[in-house]
Amino acid sequence: MHPILIDFGFFQLPTYGVLLATAVVLALWTLRLRADHAGMDGTHLVDFALWLVIWALVGAKLLLIFVELPRYLRDPASLVGVLRAGGVFLGGFIAAVVAAVVLLRRYKLSALSTFDVIVPSLALGHTIGRIGCLMAGCCWGAACDLPWAITYTDPVAAERLGTPLFRPVHPFPIYEALFNFGLYLLLAALFKRRLAAGRVFATYLVLYGIGRFLLEWTRGDAMRGFVLGGILSTSQLISLGLIVVGVGLHLWISRRGRT
């Protein structure tokens, strides 16, 4: 881990921020290339996607505040830390989808075709974002005695995020980065096959939902919130929702194709 990329004393450049910016740029660049190759207006879609990025950042932070609301009510001053945190990805995803539904008519875009071209780049950007999590020391894993366990050592992360130091844990950010990169490769390949509109998006919902639900069992941080008496994390509950919506969308597309 390496939370601070550059430290001038009077100014610190966080590694997470740099990687997050890199993730956005690379996601938008691959989105434009994919759209142009498919005969769509890549520049128009990038403009549309930029709004989704903004709303995703807001939604990610709002869900972070929601799942940790008791903590922030006890200590309102700690809200300042939210500005530095990336937030909860699934909160950002939900906010981006809501924003997309609102903006689609303004941009005169087809919903399912637009989501299909975007989600491969979303998975790629998420891959880089999780590397940022690893560098920052957030989203750490549960205790682990496997050969690939990692140990955090940077006191900056412990001070800012409560990262457990000198204790072997699951490399959750690495798990998710590898999973998302594999998902990116699969979705990009599916998009090239020109499937029925919505298939790529539905596949993302199902596969990411399943992967995130399972990977959550390897997490050790409590900042994500829990439901059903602590049985599931907030992210697992949302992941189940993604799976249901994705399966439903696949069924709807199949039924529509037969009519």
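The following paragraphs lead through the helices, cores and pocket of this structure.

The model is predicted: local features need pLDDT of at least 70, side-chain atom pairs count only at pLDDT 80 or more, and totals for chains, interfaces and linings use all residues. Residues are numbered from 1 along each chain as its sequence is written, and side-chain values use heavy atoms, with hydrogens and water left out.

Helix 1 covers residues 15-37; here helices (H or I, at least four residues) and strands (E, at least two) are DSSP runs, numbered from the N terminus. The 23 residues of helix 1 should span 33 Å at 1.5 Å a residue, and its end C-alpha atoms are indeed 33 Å apart. The expected span of a helix is 1.5 Å times one less than its number of residues. Among the buried residues of helix 1 are Thr15, Tyr16, Leu19, Ala23 and Arg34, where buried means under 20% relative accessible area, exposed over 50%, and partly exposed in between (1.4 Å probe, protein chains only). The buried residues of this helix pack against strand 1 (4-7), strand 2 (12-14), helix 2, helix 6 and helix 8. Histidine 37 also belongs to helix 1, but this residue is exposed, with a relative accessible area of 65%. Histidine 37 and aspartate 221 stand 184 residues apart in sequence, and their C-alpha atoms are 41 Å apart in space. Just after helix 1, glycine 39 has a positive phi of about 85 degrees.

Helix 8 (172-192) passes a similar check. Its 21 residues should span 30 Å at 1.5 Å a residue, which agrees with the 30 Å between its end C-alpha atoms. Phe172, Tyr175, Asn180, Leu187 and Phe191 are among its buried residues, and the buried residues of helix 8 pack against helix 1, helix 6 and helix 9. Glutamate 176 lies in helix 8 as well, and it counts as buried because its relative accessibility is 0%. Leaving aside neighbours within four places in sequence, glutamate 176 is in contact (heavy atoms within 4.5 Å) with His126, Arg130, Tyr208, Arg212 and Leu215. After helix 8 comes arginine 194, whose phi is positive, near 55 degrees.

Helix 1 and helix 8 each supply at least two residues of the lining of the second largest pocket. On a 1 Å grid over the protein atoms alone, a pocket is an open set of points where a 1.4 Å probe fits, with protein on both sides within 12 Å along at least five of seven lines, and lining residues have an atom within 4 Å of a point. About 190 Å³ of space lies in this pocket; grid points are joined across faces, edges and corners, and the volume is the space filled by probe spheres set on the points. Its lining consists of Thr30, Leu33, Arg34, His37, Ala38, Tyr184, Ala188, Phe191, Lys192 and Arg194. These residues divide into 5 nonpolar, 2 polar and 3 charged, with Ala, Val, Leu, Ile, Met, Phe, Trp, Tyr, Cys and Pro counted as nonpolar, Asp, Glu, Lys and Arg as charged, and the others, Gly among them, as polar.

In soluble globular proteins, nonpolar side chains tend to be buried together. A nonpolar core is a set of buried Ala, Val, Leu, Ile, Met, Phe, Trp, Tyr and Cys residues joined through side-chain atoms within 4.5 Å. The largest such core has 45 residues, and Phe48, Leu52 and Tyr204 have the most contacts inside it. Helix 1, helix 2 (42-67), helix 5 (89-107), helix 6 (111-136), helix 8, helix 9 (199-215) and helix 10 (234-258) each supply at least two residues of this core. Helix 5 gives the most, with 9 residues. Not counting residues up to four places away in sequence, leucine 52 touches Ala96, Ala99, Ala100, Leu103 and Ile118. Apart from the largest core lies another, of 8 residues, among them Cys138, Cys139, Phe172 and Leu215.

Two loops remain to be described. Cysteine 139 is placed in the loop between helix 6 and helix 7, and at 13% relative accessibility it counts as buried. Proline 147 lies in the loop between helix 6 and helix 7 (155-161) but is exposed, with a relative accessible area of 77%. Phenylalanine 166 lies in the loop between helix 7 and helix 8 and counts as exposed at 62% relative accessibility. Most residues other than glycine have a negative phi. Cysteine 139, however, has a positive phi near 55 degrees, and phenylalanine 166 has a positive phi near 55 degrees.
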